[in-house]
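Student: Please take a close look at a single part of this structure. Once that part has been described, please set it within the rest of the chain in one connected account.

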Amino acid sequence: MAKKSKPSSAICESSPRERLTDRKRASIVQAAVEAFQKYGYFAASMNGIAEAASVSKRTLYNHFDSKEALFDAIIEELEFRIEQLPACEFNESRDIVEQLAELAHSEIDFCTSEEVQAFARAGLSRVLGEPDVGQQVDPRHLMRRVTTWMKKAQASGCLLEADPEFAAMQFIGLLRTFAFWPTIVHGEPTPSRRKRNQIVERTVEMFLSRYGVS
């Protein structure tokens, strides 16, 4: 993958010129997201992305020398947003069901947000055509905070000892099966609040049937 650069959402103290450069970069990434969704990664053109972002081709190539670099920027943006999620600390004095439900709701709210769905569709358009590229995206990074929560819950004796990464993958996988993939793959509307509550309740119940401590 291309060399990483600062995500467009990373806002810091900067000069007016730097802020303008950051805004241009953000508009280019957004244009790439839209182009990859509409045309697919392989059919989208750098010229079309520059036009949609209202920048010159020279400006585009100053920021990104290829579509691969744009793809990397989209993945970095997604990872940046994951890192900005509020901490969900395990508390052994609280009910395990309640905490798992909170963790599940925060994951569903994140993966069903319009921006995250757009990033996912844009990235998927390339991964489906080049499976090897998908292997370069570390799934452990995408579920790090859930894995950390699982480790602490296991250490406290509130969950059975098991591979925390595998447990986190199962937990998130159950949620995405009903709250994420139907929208991404089949174009279904994002689940209603009532449906989300049902997904969370059943997921927590199934998860604890395997990892819960009697």
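**A residue of helix H9 and its setting**

Tutor: Gln154 is buried in this predicted model, because its relative accessible area of 6% falls under the 20% limit that defines the class. The residue belongs to helix H9, which covers residues 144-155. When neighbours within four places in sequence are set aside, the contacts of Gln154 are with Leu159, Leu160, Glu161, Ala162 and Pro164.

The segment that follows H9 can be examined through Asp163, which sits in the loop between H9 and helix H10 (164-179). Asp163 is partly exposed, at a relative accessible area of 47%, whereas Gln154 is buried. The C-alpha atom of Asp163 lies 8.6 Å from that of Lys151, although twelve residues separate the two along the chain. Cys158 is likewise partly exposed, with a relative accessible area of 24%.

H9 also contains residues 145, 146 and 149 within its range of 144-155, and these lead to two further sites. The first is Glu107, a residue of helix H5 (residues 96-111). Its contacts, again leaving aside neighbours within four places in sequence, are Arg145, Val146, Ile172 and Leu175. Glu107 has a relative accessible area of 8% and is therefore buried. The second site is Cys88, which is placed in the loop between H4 and H5. Beyond its neighbours within four places, Cys88 is in contact with Leu103, Arg145 and Trp149. Arg145 thus appears among the contacts of Glu107 and among those of Cys88.

Cys88 counts as partly exposed, at 24% relative accessibility. Its C-alpha atom is 9.8 Å from that of Leu100, and the two residues are twelve positions apart in sequence. As for covalent links, a disulfide is a covalent bond between the sulfur atoms of two cysteines. A search of the whole structure finds zero disulfides.

The account may now be widened to the nonpolar interior. In soluble globular proteins, nonpolar side chains tend to be buried together. The largest nonpolar core here has 32 residues, and the members that touch the most others are Ile28, Phe36, Ile49, Leu60, Phe64, Leu70 and Ile74. At least two residues of this core come from each of helix H1 (16-39), helix H2 (46-52), helix H4 (67-83) and helix H6 (114-127). H4 contributes the most, with eight residues. Domain 1 (19-77) and domain 2 (85-213) both supply residues, so this core lies between them.

Ile28 serves as a detailed example from this core. Leaving aside neighbours within four places in sequence, its contacts are Ile49, Ala53, Val55, Thr59, Leu60, His63, Phe64 and Leu70. Apart from this core lies another one, of 24 residues, including Ile96, Ile108, Val204 and Tyr211.

Several of these contacts of Ile28, among them Ile49 and Leu60, fall in a segment that carries an annotation. An unreviewed UniProt entry lists residues 45-64 as "DNA-binding region". In the model, this stretch is 70% helix and 0% strand, and its end C-alpha atoms are 13 Å apart. Within the stretch, Ser54 occupies the loop between H2 and helix H3 (57-63). Ser54 is exposed, with a relative accessible area of 67%. Its phi angle is near 60°, a positive value in a residue other than glycine.

These sites belong to a chain that has twelve helices and zero strands, with the pattern α-α-α-α-α-α-α-α-α-α-α-α along the sequence. Of its 214 residues, 42% count as buried, and Gln154 and Glu107 are included among them. Among contacts with a separation of 6 or more, 73% join residues 24 or more positions apart. The accessible surface of the chain is about 12300 Å², and carbon and sulfur atoms account for 52% of that area.

Definitions and conventions
Residues numbered from 1 in each chain as written. Predicted model: local features only at pLDDT ≥ 70, side-chain atom pairs only at ≥ 80, totals over all residues. Heavy atoms only, no water. UniProt positions renumbered as here; feature names shortened; annotations may be inferred. Helix = DSSP H or I, 4+ residues; strand = E, 2+ residues; numbered from the N terminus. Core = buried A, V, L, I, M, F, W, Y, C linked by side-chain atoms within 4.5 Å. Buried < 20%, exposed > 50% of the residue type's maximum accessible area, 1.4 Å probe, protein only. Domains from an automatic or database assignment. Contact = heavy atoms within 4.5 Å. Areas by Shrake-Rupley, 256 points an atom, 1.4 Å probe, with all protein chains shown as cover. Disulfide = S-S within 2.5 Å.
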